[in-house]
Amino acid sequence: QAVNGAPGIWRVRSSSGMGLSAVYAEFEWGTDLLRNRQVVQERLTSAAANLPPGVVPHMAPVSSLMGQIQLVGIRSRSGRTDPTAVRAWADQVLRLRLLSVPGVAQVITTGGAPRQIEATVDADRLAAAEVTLAEVAAALRAANEAGSGGVLPLGTRGPLVSVTGRATSDEALGRAVVRDDPRRPVLVADVATVRFAPAAVRTGSAGVDGREGVVAVVLKQPETDTIALTRRIQDELALLARTAPADLEVLPEIYRQADFIQRAVDNVSEAVRDGAILVLLVLFLFLLNARTTLITLTAIPLSVAVTALVFHLAGISINTMTLGGLAVAIGALVDDAIVDVENVFRRLRENRRMAVRRAPLAIVFLASSEVRKPILIGTVLVAAVYLPLFALGGMEGRLFTPIGITYIVSISASLLVALTVTPVLCAWLLPRAAARAAGRDPWAVRALQRGADALIRGSLRHPVAVAGGLGALCVIALGLLSLRGTEFLPPFNEGSAQVNLVLPPGTGLHTSEQFGRRLERVVLEVPGVAHAARRTGRAEGDEHTMDVNVTEMVVSFDPASRRPREAVLGDIRAALRREFPGVTTMTEQPLAHLLSHMLSGVYAQVAIKVEGEDLGVLRRLARE
């Protein structure tokens, strides 16, 4: 309630679980992040006075759900190391080392159990020593802290005195003094059995590749280069793996968002390669000339280079959406150059057959001038198709606007190349090639000319039929479009999957763990699956307020298997239906899962929200 109504806030929602409530304050687009955090901090300060004792509100680090760039698995190689020891190493060594990497905002560890001091008090010995439980608890607290002893004056020197009271063993805790007595002091060991033990109340567990282990989720800071940060994390993990205990295994490749970005880069590379091959085939088929092919192919790298320069000067980042826009535009980058080169080549060849020949440079200028206006109009029309993307607001606009920007900038760059570089290359390379070319057009061009001639003549003889047929096709197309489903984002190929298993509310952690281990075993048996990291419930301090009846598992695919993503996902879904009949399961991809939660607060692609004041009515409507 204190956060609601703060300046600039657009929406406030909360999610609550056992011992934790997470409040999400969403601000308007374009507002300053640091100012927004200051506004929330001021509201939290005023709200803290009205909260129960021991409840301290604090803001999460500067990161977002989409900033989960890596999942790191830690497990015992032999299975003999206690999970509590694995968790202690992950918390005290791995987490702190990763937090020191520039660009890392938060590291959340799940699995095992945090260590705590467990004192089992004997009531009879407590009564005999005439001490209370409060005195025992105070002694344990005082025996497990460091303190300062001030300064010790020694002539000209004054060394600092410090007391290192951090307990590292059960025996040290047992020697803590409960009550000081000159004859017989009462120690903690006299009235209780003390040991370091797993936390009595656990809110979650984890598994790595079918074994119990710890999963560390790494979140990045805003505006940080994901690929560069992932490299730094990999270097740090390599150092940690060399100094880790011999029985501990660190698996950094469970899930990496950088792999998805690299896959997008590879897709652009493939698009460039395929576009160049298609241009090569088309030009050879229609012109049968190597120089025309070379001139046209130069439009692709030059247009991409100009686009990169524009992005650099405008401060636009290169991300998966801008790369996707470039991949879409690759096929159109050579259109203008093809038109210019083909017309220049044709005019040069015609000039060779004329009685009075003109200078090749003049022919190139006139031929390029003939197609300049059509090229310009065609480029503007194609760019206009992407203008509606700039009208999108909210998250949709943030995601899709870079695609439109990339497409328009890249085809504008191709137009610039076609109007400047292409005519120059034509003047240098084509006059001799046109002189050696045969007088007739290639057979493919002649065949298409005959077909086009017949179609044009037939259309002119039957204009009403042609217009009526075109109108009917438009109506049919609109009808089919209205019946098709729509989705916010096309399915990504992340190279990974997220499997969610939701048991009935009230299910205990032990039962959820059993189902989670079965889930790991079933999924790891699917061909094409490389790694699986399971998280049941939530970690301490994690903003995911999931109950212990919910299990999330991130599955990474094996690139060496060569199995299609759809086939692997189909086998996973079939195995879940066979192994967990009647249990709610969901299979999607990690980024899509996080995006759904960020947009609506619901971990699903389809959600129905019912709002009102009466909880009983809401529950009834939800059941309906």
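Helices (H or I, at least four residues) and strands (E, at least two) are DSSP runs, numbered from the N terminus. You are looking at a predicted model, in which local features need pLDDT of at least 70, side-chain atom pairs count only at pLDDT 80 or more, and totals for chains, interfaces and linings use all residues. Residues are numbered from 1 along each chain as its sequence is written, and side-chain values use heavy atoms, leaving out hydrogens and water.

**First stop: the largest cavity.** Select strand S3 (68-76), strand S16 (550-557) and helix H19 (590-600), each of which supplies at least two residues of its lining. H19 gives the most, with 3 residues. Now add the rest of the lining, including Tyr255, Gln498, Arg535 and His544. A cavity is a set of points on a 1 Å grid over the protein atoms alone where a 1.4 Å probe fits but cannot get out, and lining residues have an atom within 4 Å of a point. The volume here, the space filled by probe spheres set on the points, is about 80 Å³.

**Second stop: the second largest cavity.** Keep Arg535, His544 and Glu552 selected, then add others of this lining, among them Thr110, Arg538 and Asp542. This cavity has a volume of about 40 Å³.

**Last stop: Thr507.** Go to the loop between strand S14 (496-502) and helix H17 (509-524), where Thr507 lies. Thr507 is buried (under 20% relative accessible area, 1.4 Å probe, protein chains only), at 17%. Show its side chain, which reaches the backbone oxygen of Pro504 at 2.6 Å. Not counting residues up to four places away in sequence, Thr507 touches Ser512, Val548 and Asn549 (heavy atoms within 4.5 Å).

Key
1 Å grid on protein atoms, 1.4 Å probe; cavity = no way out; pocket = protein on both sides within 12 Å on 5 of 7 lines; lining within 4 Å. Buried < 20%, exposed > 50% of the residue type's maximum accessible area, 1.4 Å probe, protein only. Polar contact = N/O pair within 3.5 Å; in protein donor to acceptor, adjacent residues only side chain to side chain.
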